[in-house]
Amino acid sequence: MAVKAAGEGIGTASQRVETRDGPRVASIGLRMLDAFPFVTRHPSLVTRHGLSLLSIASFLALWHLLAIVIASPYLPTPLAVARAAIAAFFERDFLGFTIQQHIASSLVRIVWGFGLAALLAVPLGLASGWLRSVEHLTGPVVELLRPIPPLAWIPFAIYFFGDPFDAVFIVFLAAFFPILLSTLAGVKAVDPILIDAARTLGAKRLRLFLQVVLPAALGNIVTGMRIGLGVGWMCIMAAEMVGVKGGGLGVYIWSMGEIGRFDAVFAGMAIIGVVGIALTGAMGWVEKRISKA
Amino acid sequence: MLQVRRVIHSFDSMTVLSDLSFDVPAGKFVCIVGPNGCGKTTLLRLIAGLARPTRGEIVLNGKPIQEPGPERGFVFQEYALFPWRSVRKNIEFGLEMRGVAPLQRREISKRYIDLVGLRGFEDYAIRRLSGGMKQKVSIARALANEPIVILMDEPFAALDCQTRNVMQEELLNIWDASRERKTILFVTHNVEEAVFLADLVLVLSHRPGRLVEALPVNLPRPRDRISPELHRLRGHILDLLAAQMPREELLQESCEVVRD
Ligand SMILES: Nc1ncnc2c1ncn2[C@@H]1O[C@H](COP(=O)(O)OP(=O)(O)O)[C@@H](O)[C@H]1O
Ligand SMILES: [Mg+2]
């Protein structure tokens with residue numbers, strides 16, 4: 001039962017995270033609007049913001065309508081959710097935490113887990129991409145461990161590490177492999193002609209690596225980090241729901257569900273989404289800066 | 001003096017260059033023409049030291065070539081510029097690798113930026129440049145290392161006809177302007193380009209590449225592209241190249257045209 005719910009948690013988080021691609025989705029939407037003669041193909045900024053507003057407003061209206069019609073205790077109205085969200089910032093829940101404290105707990109875990117993963121996976125990926133022997137040495141172990149979903153490590157992590165390292169460990173695992181593989185792919189994808197060019201200009205091994213391979217692979221490394229951060233954020237929610245202690249947004253929505261406070265559950269979900277967007281959005285910004293340079 | 005001595009080069013079982021020998025006196029502009037896939041790029045890579053010949057040796061001023069060195073510059077057909085570096089930083093790359101101090105790097109890169117006519121574009125990102133400008137950066141980058149031999153692999157192949165003509169003239173000017181005359185090995189499969197530029201045209205055979213003929217072009221510069229002498233030379237080289245084309249391949253190519 002708990003595992004199934006954890007799976008649902010992942011789905012929710014991923015949908016939230018994907019809204020980061022808002023502009024692309026919106027542009028597809030606009031193409032479909034070609035059928036309407038009053039909507040131009042490249043709408044002005046005002047029209048665009050107007051359409052975004054319309055989109056969100058209709059979503060909320062539809063939700064409200066559904067909530068009223070269905071009248072289920074598990075589907076609160078958007079207004080109730082907003083009220084619960086505001087309340088969560090000012091009142092302690094029955095666990096004794098404000099929502100800020102839950103956010104902080106989750107963030108501390110993701111920062112540590114993701115930081116350690118990046119610190120280890122980037123150098124390892126660079127080394128195994130550049131040195132055949134390192135690749136042959138680490139490759140088999142990586143291929144052995146990679147197919148195990150990070151969530152499958154939760155029971156082990158909880159009993160072996162306990163709070164707070166259990167959750168850090170899960171985030172670490174979740175972020176480690178995307179960063180490692182993306183870094184490795186980045187090194188392998190370096191155009192050999194650039195390496196030849198650098199060699200004819202006098203670059204030898206270490207300089208070649210630092211001045212050509214590293215900058216050429218940087219885009220891929222950051223992409224791996226963004227993906228790792230997103231996966232880490234999903235997994236931390238699941239881990240927190242399954243039994244990690246000491247607060248966290250996952251703990252919050254799971255506990256609120258158990259006492260039937262679904263307005264608070266949805267409020268927690270919205271906050272998870274917002275924080276997720278902020279995290280991957282920040283990485284996405286770095287990524288764009290790098291690919292432009 | 002650059003000496004290519006009995007060079008044989010094979011990839012796996014395929015022989016690309018077979019028993020190739022020629023000498024290039026210092027300061028000459030040499031064009032290398034030959035059918036596609038006859039090993040022209042391979043030859044330049046061997047001279048650059050990016051690969052070692054299977055047999056034979058290449059000697060520059062008495063020293064056998066073992067590895068890449070700053071005295072041999074390379075201009076790649078694909079430009080091979082570092083997209084994360086600005087125009088100036090690309091041109092300074094070789095100087096950085098050789099540990100030249102920043103102020104001096106600036107001074108040298110400025111000189112070559114002026115030489116190739118890229119003043120005002122120093123801080124441009126590579127992706128903002130046109131093909132001709134990219135190739136200028138690539139040439140300036142190779143020149144900044146002050147090589148004595150410049151290897152150029154079809155550098156103007158991707159340019160439109162007008163730009164190519166301008167670049168040819170500018171290349172001759174740059175070559176003329178350098179303090180001591182540099183040796184240039186310029187690969188092209190444009191015969192017109194070869195006779196316009198070269199002191200010496202080396203015609204290679206179909207794969208495996210051998211030297212078919214070394215034609216001196218003893219015409220004063222600037223040359224008239226439509227002069228009868230150049231026209232005659234061009235005809236002669238084209239005949240040599242046509243004779244190189246094996247019969248099957250001629251048939252195959254005409255088939256491809258029909259299929260298109
Ligand atoms: N690294 C390589 N490995 C295997 N074959 C190669 C390699 N480089 C070139 N070749 C082959 O060698 C032949 C000559 O190539 P190249 O020197 O590029 O010819 P050209 O520049 O005259 O067109 C071609 O058939 C090409 O496919
Ligand atoms: Mg070639």
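Glu146(B), at 38% relative accessibility, counts as partly exposed; this class lies between buried (under 20% relative accessible area) and exposed (over 50%), with a 1.4 Å probe and protein chains only. The model is predicted, so local features need pLDDT of at least 70 and side-chain atom pairs count only at pLDDT 80 or more, while totals for chains, interfaces and linings use all residues. Residues are numbered from 1 along each chain as its sequence is written, chains are lettered from A and ligands numbered from 1 in the order in which they are written, and side-chain values use heavy atoms, without hydrogens and water.

**Exercise 1**

Find the salt-bridge partner of Arg111(B) and state which parts of chain B the pair ties together.

Solution.
- Step 1. A salt bridge is a side-chain nitrogen of Lys or Arg within 4 Å of a carboxyl oxygen of Asp or Glu. Arg111(B) meets this with Glu146(B), the closest N and O atoms being 3.5 Å apart.
- Step 2. Arg111(B) belongs to helix α4 (residues 102-115), and Glu146(B) to the loop between α5 (131-144) and β7 (149-153), so the bridge ties together parts that are 35 residues apart in sequence. Helices (H or I, at least four residues) and strands (E, at least two) are DSSP runs, numbered from the N terminus.
- Step 3. Arg111(B) is partly exposed at 36% relative accessibility.

**Exercise 2**

Determine which chains are joined by the salt bridge of Arg45(B), and place both residues.

Solution.
- Step 1. The partner of Arg45(B) is Asp196(A), with the closest N and O atoms 2.7 Å apart.
- Step 2. The pair crosses between chains, running from helix α1 of chain B to helix α9 (residues 192-200) of chain A.
- Step 3. Arg45(B) counts as partly exposed at 23% relative accessibility, whereas Asp196(A) is buried at 10%.
- Step 4. Over all chains, the structure holds 19 salt bridges. One of them joins Arg181(B) to Asp176(B) at 2.6 Å, N to O; Arg181(B) is partly exposed, at 42% relative accessibility. Lys110(B), Asp114(B) and Arg119(B) are joined into one network by salt bridges that share partners.

**Exercise 3**

Which side chain of opposite charge is nearest to Arg164(B), and how far away is it?

Solution.
- Step 1. Side chains of opposite charge can pair when their charged atoms come close. For the count, Lys and Arg are positive and Asp and Glu negative; His and the chain ends are left out.
- Step 2. The nearest such side chain is that of Glu193(B), 4.6 Å away; Arg164(B) is buried yet has no salt bridge.
- Step 3. Arg164(B) sits in helix α6 (residues 161-177), and Glu193(B) in helix α7 (residues 191-197) of chain B. Glu193(B) is buried too, with a relative accessible area of 4%.
- Step 4. Contact means heavy atoms within 4.5 Å. Beyond four places in sequence, Glu193(B) touches residues including Phe156(B), Gln168(B) and Arg164(B). With the same exclusion, the contacts of Arg164(B) include Phe156(B), Asn190(B) and Glu193(B).

**Exercise 4**

Describe the surroundings of ligand 1 in chain B.

Solution.
- Step 1. Taking residues with a heavy atom within 4 Å, the shell includes Phe11(B), Met14(B), Val16(B), Asn36(B), Thr41(B) and Thr42(B).
- Step 2. A polar contact is a pair of N or O atoms within 3.5 Å; within protein, one must be able to donate a hydrogen and the other to accept it, and residues adjacent in sequence count only if both atoms are side-chain atoms. Oxygen atoms of ligand 1 lie 2.8 Å from a polar backbone atom of Gly37(B), 2.8 Å from a backbone N or O atom of Lys40(B) and 2.8 Å from a side-chain N or O atom of Arg207(B).
- Step 3. On its own, ligand 1 has 560 Å² of accessible area, of which the protein covers 60%; the areas come from the Shrake-Rupley method with a 1.4 Å probe, and for residues only the protein chains shown count as cover.
- Step 4. Elements giving two or more residues to the shell are β2 (14-24) and α1 (40-48) of chain B. The most comes from α1(B), with three residues.

**Exercise 5**

Locate the cis peptide bond that follows Arg207(B), and examine the backbone at Tyr79(B).

Solution.
- Step 1. The bond from Arg207(B) to Pro208(B) is cis, with omega near -5 degrees. Pro208(B) is in the loop between β9 (200-204) and β10 (211-216).
- Step 2. Tyr79(B), a residue other than glycine, has a positive phi near 70 degrees. Tyr79(B) lies in the loop between β6 (72-75) and α2 (87-91) and is buried at 14% relative accessibility.
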